[in-house]
Amino acid sequence: MQQAIRENIRRLKTFLNYSKNYLKRNNPFKVLKKELVASIKDALSFNKKRKMVKYKLKYQMHQLNQMERLIAQNNEHVFLRGNKFNEMR
């Protein structure tokens, strides 16, 4: 009986040592602090990111409109270029 109790106590001690060493290596409070700081930084820089995305979107729309204008100028179809049709009359 005493031997079984000693064995269980030894196993409990080794388990607690493993747990303690694991918590030293991977401290959950440090991880929580790091993630909290990162999320606060993301929240504070949200407006800046939104402005950058808005700028990029406007630039892409400008490029698209330029390409559409060039295609319409070089296209022979009348519905894309009403000016040439009026000039031909």
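In which helix is the place of Lys-54? Lys-54 sits in helix α3, which covers residues 46-73. The legends below treat a predicted model.

**View 1. The whole protein chain is built from helices and has no strands.** Four helices make up the count of elements, against zero strands. Read from the N terminus on, the order is α-α-α-α. Of the 89 residues in the protein chain, 2% count as buried. The accessible surface of the protein chain amounts to about 9200 Å². Carbon and sulfur atoms hold 62% of that surface.

**View 2. Confidence varies along the protein chain, from helix α1 to helix α4.** The mean pLDDT of the protein chain is 85. A value of 70 or more is reached by 83% of the residues. Helix α1 has the highest confidence, at a mean of 94. Helix α4, residues 82-88, has the lowest, at a mean of 53. Where pLDDT is low, the predicted coordinates should not be read in detail.

**View 3. Glu-7, Arg-10 and Arg-11 are linked in a network of salt bridges.** Glu-7 takes part in a salt bridge with Arg-10, and their closest N and O atoms are 2.4 Å apart. Glu-7 also forms a salt bridge with Arg-11, where the closest N and O atoms are 3.6 Å apart. Both distances can be checked against the cut-off for a salt bridge, which is within 4 Å. Glu-7 and Arg-10 are three residues apart in helix α1, so about one helical turn separates them. Glu-7 and Arg-11 are four residues apart in helix α1, again about one turn of the helix. Glu-7 counts as partly exposed because its relative accessible area is 30%, and buried would mean under 20%. Arg-10 is partly exposed too, at 45% relative accessibility.

**View 4. Lys-49 and Asp-42 meet through their side chains in a salt bridge.** The N to O distance in this pair is 3.5 Å. Lys-49 is partly exposed, with a relative accessibility of 45%. Asp-42 is likewise partly exposed, at 44%. The count of salt bridges comes to three.

**View 5. Arg-50, Lys-51, Lys-54 and Lys-58 form a positive surface patch.** One of these residues, Lys-54, lies in helix α3. The relative accessible area of Lys-54 is 47%, so Lys-54 counts as partly exposed. A residue needs over 30% relative accessible area to join a patch, and the 47% of Lys-54 fits that rule. Lys and Arg count as positive, and the patch is made of these two residue types.

**View 6. Met-1, Ile-5 and Ile-9 make a nonpolar surface patch.** The area of this patch is about 350 Å². Ile-5 is placed in helix α1, which spans residues 2-25. What is the relative accessible area of Ile-5? The value is 42%, and therefore Ile-5 counts as partly exposed. Exposed would mean over 50%.

Technical notes:
Residues numbered from 1 in each chain as written. Predicted model: local features only at pLDDT ≥ 70, side-chain atom pairs only at ≥ 80, totals over all residues. Heavy atoms only, no water. Patch = residues over 30% accessible without salt bridge, like charges linked within 9 Å, V, L, I, M, F, W, Y side chains within 5 Å. Areas by Shrake-Rupley, 256 points an atom, 1.4 Å probe, with all protein chains shown as cover. Charge placed at Lys NZ, Arg CZ, Asp CG, Glu CD. Helix = DSSP H or I, 4+ residues; strand = E, 2+ residues; numbered from the N terminus. Buried < 20%, exposed > 50% of the residue type's maximum accessible area, 1.4 Å probe, protein only. pLDDT = per-residue confidence, 0-100.
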